[in-house]
Every structure is written in structure tokens, then in C-alpha cells.
Amino acid sequence: MSYDENNIFAKILRGEIPCDKVYEDDYVLSFRDISPQAPVHILVIPKGAYVSIADFSAKGSEEEIAGFWRAVSKIASENDLVDAGFRTIANTGLNGGQEVPHFHIHLLGGRAIGPMVSKAA
Ligand code: 5GP
């Protein structure tokens, strides 16, 4: 799948659409999910144009990959998610239910997040 420059997170990265920013550095932008599924629901996206975690992990540079995951750790820590625990989700493709085709990690916390996956068929 080729990268769609007009996906909503690409527009947020370009500043064409506002976001409730949590953190930004050379590698990532992090902001609150517009439709939170938990008391804390933060998204972390790489600044590079990657469709999915598979695309990012295969094609991202060592620097981008290290920068991304270091930032995820920092954001989790700064938002008091680490001690109580939290859920990290990277939906990928059709079966994964990915809606926005720019790689992103969901950080969910602030309460027990519940079963890992829905039992629904
Ligand atoms: P996915 O299903 O692709 O893993 O998750 C996409 C997430 O992006 C959803 O949780 C959705 O609520 C969130 N989202 C979609 N559009 C926007 C937006 O314009 N701003 C923000 N902050 N979040 C968005």
C-alpha cells in the first residue's frame, strides 16, 4: 500500500488540521485521540511517511525507529501511565481495523483497559 499524503494524520503533521498536542520532537508528534476510548488516550505518530507498523519497522532508519520508541516511553512516563499500566495498540490494515493509514500507536490508560481483543466474530 502506498502512502496517502492526504490522510488525516499527514494533515495534522503539516499543521493543516489542529490537534491537542501532548509531545513533539524530531521524530514524533503525539496528540490526544479525538474520540477517546479511555481516560487517557494518546496517539503517537512518526514524522516520516509510513503506512503501518510493518512499513515503519521495515523501512524506517535506525534513528527513526529508536527515536519513535524512545518517545513512546517518554510520553507514557510523562503522562503517569507506567506505574498503573497501560495498553499499547497498533491497528494494522483491514483485519486490524486501521482507519488512518499513517502509522500510529494508541496509548490507553487511566483505568483497567479490559480484555486484549473483542470476542465478537
Ligand atoms: P486506527 O483505527 O487507525 O487505529 O485509529 C485512528 C484513530 O484516530 C481513532 O481512534 C480516531 O478516533 C482518531 N482520529 C481520527 N481522526 C482524528 C483527528 O482528526 N484528530 C485526532 N486527534 N484523532 C483522530
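A nonpolar core is a set of buried Ala, Val, Leu, Ile, Met, Phe, Trp, Tyr and Cys residues joined through side-chain atoms within 4.5 Å. The legends below describe a predicted model.

**View 1. The largest nonpolar core has 16 residues.** V44, F68, I75 and L107 touch the most other members of this core. Two or more residues come from each of β3 (40–46), α3 (62–78) and β5 (105–109). The top contributor is α3, which gives five residues. In soluble globular proteins, nonpolar side chains tend to be buried together.

**View 2. I75 and its contacts beyond its neighbours in sequence.** Neighbours within four places in sequence are left out here. What remains in contact with I75 is V22, Y23, S30, I42, V44 and L107. Two of these partners, V44 and L107, are among the core residues that touch the most other members.

**View 3. A second core of seven residues, separate from the largest one.** Its members include F9, I12, L29 and V100.

**View 4. The ligand is surrounded by 16 residues.** Closest to the ligand are R32, D33, E99, H104 and H106. On its own, the ligand has 520 Å² of accessible area. The protein covers 85% of that area.

**View 5. Polar atoms of D33, N91 and G97 beside ligand oxygen atoms.** For D33, a polar side-chain atom lies 2.5 Å from a ligand oxygen. In the side chain of N91, an N or O atom is 2.9 Å from an oxygen atom of the ligand. G97 takes part through its backbone: an N or O atom there lies 3.1 Å from a ligand oxygen.

**View 6. The whole chain, with four helices and five strands.** Read from the N terminus, the order of elements is α-β-β-β-α-α-β-α-β. Along the principal axes, the C-alpha atoms fill a box of roughly 35 × 35 × 30 Å. Why does the radius of gyration agree with a compact globule? A compact globule of 121 residues would have a value near 14 Å, and the chain has 14 Å, so the two agree. Contacts between residues at least 6 apart in sequence often span further: 54% of them join residues at least 24 apart.

**View 7. Burial and surface of the chain.** Of the 121 residues, 37% count as buried. The accessible surface comes to about 7400 Å². Carbon and sulfur atoms account for 52% of that surface.

Note on methods:
Residues numbered from 1 in each chain as written. Predicted model: local features only at pLDDT ≥ 70, side-chain atom pairs only at ≥ 80, totals over all residues. Heavy atoms only, no water. Buried < 20%, exposed > 50% of the residue type's maximum accessible area, 1.4 Å probe, protein only. Contact = heavy atoms within 4.5 Å. Near = heavy atom within 4 Å. Polar contact = N/O pair within 3.5 Å; in protein donor to acceptor, adjacent residues only side chain to side chain. Areas by Shrake-Rupley, 256 points an atom, 1.4 Å probe, with all protein chains shown as cover. Rg over C-alpha atoms; globule rule 2.2 N^0.38 Å.
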